[in-house]
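Thank you all for making time this morning. I would like to take you through one structure, beginning with its overall layout and finishing with a few individual residues.

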Amino acid sequence: RGKFAVVKKYMKRSTGKEYAAKFMRKRRKGQDCRMEIIHEIAVLELARFSPRVIDLHEVYETATEMILVLEYAAGGEIFNQCVADRDEAFKEEEVKRLMRQILEGVAFLHKNNVVHLDLKPQNILLTSASPVGDIKIVDFGLSRIVSSNEELREIMGTPEYVAPEILNYEPISTATDMWSIGVLAYVMLTGTSPFLGDDKQETFLNISQINISYTQEEFEGIDKSAIDFMKMLLIKEPEARATAEQCRQHLWLQQLHEDTAEALSSCEGSSEEGSPLSPAGEAAAQSQVAEELIVMAAYTLGQCRQSEKESMTPDQKAISKRFKFEEPFSTLQEIPGDFIY
Ligand SMILES: Nc1ncnc2c1ncn2[C@@H]1O[C@H](COP(=O)(O)OP(=O)(O)OP(=O)(O)O)[C@@H](O)[C@H]1O
């Protein structure tokens with residue numbers, strides 16, 4: 001359940017295939033929001049060629065609602081793993097793989113002049129939870145089209161993830177999403193929200209003063225290049241931030257863990273046999289550690305992918321013990337942005 005939408009799992013009787021149907025109210029706070037929903041649909045259509053953005057299959061309209069029939073992401077929000085206890089939380093290698101995919105999706109959007117403006121762990125879904133599948137970016141309700149000859153200024157987003165320019169009512173650009181990517185990387189690696197204060201005001205103050213800690217306490221055992229990656233995004237001046245394409249080239253995301261490289265070479269050796277998990281698959285059955293490596297190797301090679309659909313039970317939705325996430329704050333003041341229809 002989002003703020004103005006309810007998402008339900010559906011199955012198409014003729015094929016048995018599962019979908020997520022997003023029911024969106026057309027009237028919100030007494031205002032007709034049909035065109036905003038059509039904008040969201042248009043962005044999803046535009047992004048249909050990116051495997052990192054959720055697929056839109058069908059749209060229905062009733063007198064009161066629009067219903068978006070989306071590809072079902074069975075693994076749920078990455079938020080759940082972000083707030084899980086350390087042993088269940090993402091390992092650094094996993095974060096790197098997922099971050100590469102997130103950046104691939106964001107780079108696609110930015111190339112098409114779309115800014116998402118609400119990138120956070122609740123809007124990054126997984127195709128499966130265990131083994132950790134691939135990411136799908138959802139919720140384009142706040143997204144906007146940016147153009148070089150028009151300025152866009154708005155106050156929107158989710159407090160912990162908004163960039164300083166949003167707070168200062170300064171122009172929004174693709175760099176605004178890049179700030180959120182920096183926050184996302186921090187949350188995925190540490191399980192803590194870097195700017196979260198006791199209340200909204202304190203959070204905003206932390207953001208505008210870039211009050212962030214990269215100490216050993218938070219980043220024990222994590223590669224130094226990961227900190228370098230975040231530092232090139234969590235910068236006040238949007239122009240100084242790295243782009244999605246630059247991030248994809250960053251050393252942190254290029255490096256392969258030694259064990260992963262080993263697993264990769266053994267998997268490469270078996271590729272001629274045409275068996276997806278053999279002989280590396282046999283090794284995976286022997287230990288938990290090996291299993292993780294195979295999944296990573298499978299991703300990189302693209303030929304021994306193991307897909308395991310796991311449905312999410314309602315009580316799987318983790319309640320954060322370590323930090324709380326606030327609801328998106330509503331638009332305080334809005335200059336009509338560029339919508340696409
Ligand atoms: N395709 C999908 N597959 C599985 N779950 C989904 C899918 N789309 C949405 N969900 C679930 O429903 C939640 C709400 O969806 P979404 O974020 O699109 O709605 P929203 O009302 O725009 O949310 P918000 O109020 O956070 O802006 C998601 O965070 C996710 O948990």
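I will go from domains to ligand, and then to the core and its helices.

Before anything else, please keep in mind that this is a predicted model, in which local features need pLDDT of at least 70 and side-chain atom pairs count only at pLDDT 80 or more, while totals for chains, interfaces and linings use all residues. Residues are numbered from 1 along each chain as its sequence is written.

The protein is divided into domain 1, residues 1-72, and domain 2, residues 76-253, with bounds that come from an automatic or database domain assignment. The C-alpha centres of these two domains lie 24 Å apart. Nine residues of domain 1 are in contact with 14 residues of domain 2, where contact means that the C-beta atoms of two residues, placed from the backbone, lie within 7 Å. On the domain 1 side of that interface there are six nonpolar residues, one polar and two charged; here Ala, Val, Leu, Ile, Met, Phe, Trp, Tyr, Cys and Pro count as nonpolar, Asp, Glu, Lys and Arg as charged, and the others, Gly among them, as polar.

As for secondary structure, the protein has twelve helices and eleven strands, taken as DSSP runs numbered from the N terminus, with helices being H or I of at least four residues and strands E of at least two.

Which residues are closest to the ligand? They are Gly-2, Lys-3, Ala-5, Ala-20 and Asp-139, out of 20 that surround the ligand, a residue being included if its C-beta atom, placed from the backbone, lies within 6 Å. Strands E1 (5-11), E2 (18-25) and E6 (65-71) are the elements that give two or more residues to this shell. By class, the shell holds eleven nonpolar, four polar and five charged residues, and each of domain 1 and domain 2 supplies at least three residues to it.

Turning to the interior, 37% of the 341 residues count as buried, which requires 20 or more other C-beta atoms within 10 Å of a residue's own, whereas 12 or fewer makes it exposed and anything in between partly exposed, with C-beta atoms placed from the backbone. The largest nonpolar core has 67 residues, of which Ile-102, Ile-181, Ala-185 and Met-188 touch the most other members; such a core is a set of buried Ala, Val, Leu, Ile, Met, Phe, Trp, Tyr and Cys residues joined through C-beta atoms within 7 Å. Helix H5, residues 174-190, gives the most to this core, with eleven residues.

Why is H5 described as largely enclosed by the rest of the structure? The reason is that 17 of its 17 residues are buried. Its end C-alpha atoms are 25 Å apart, which agrees with the 24 Å that its 17 residues should span at 1.5 Å a residue, the expected span being 1.5 Å times one less than the number of residues. Just after H5, Gly-191 takes a positive phi of about 75 degrees.

Ala-185, leaving aside neighbours within four places in sequence, is in contact with Met-99, Phe-229 and Met-230. Met-99 is among the buried residues of H3, as is Ile-102. Helix H3, residues 92-111, reaches 28 Å from its first C-alpha to its last, and just after H3 Asn-113 takes a positive phi of about 60 degrees.

Finally, Phe-204 in helix H6, residues 200-208, is partly exposed, with 18 other C-beta atoms within 10 Å. Not counting residues up to four places away in sequence, Phe-204 touches Pro-159 and Leu-167.
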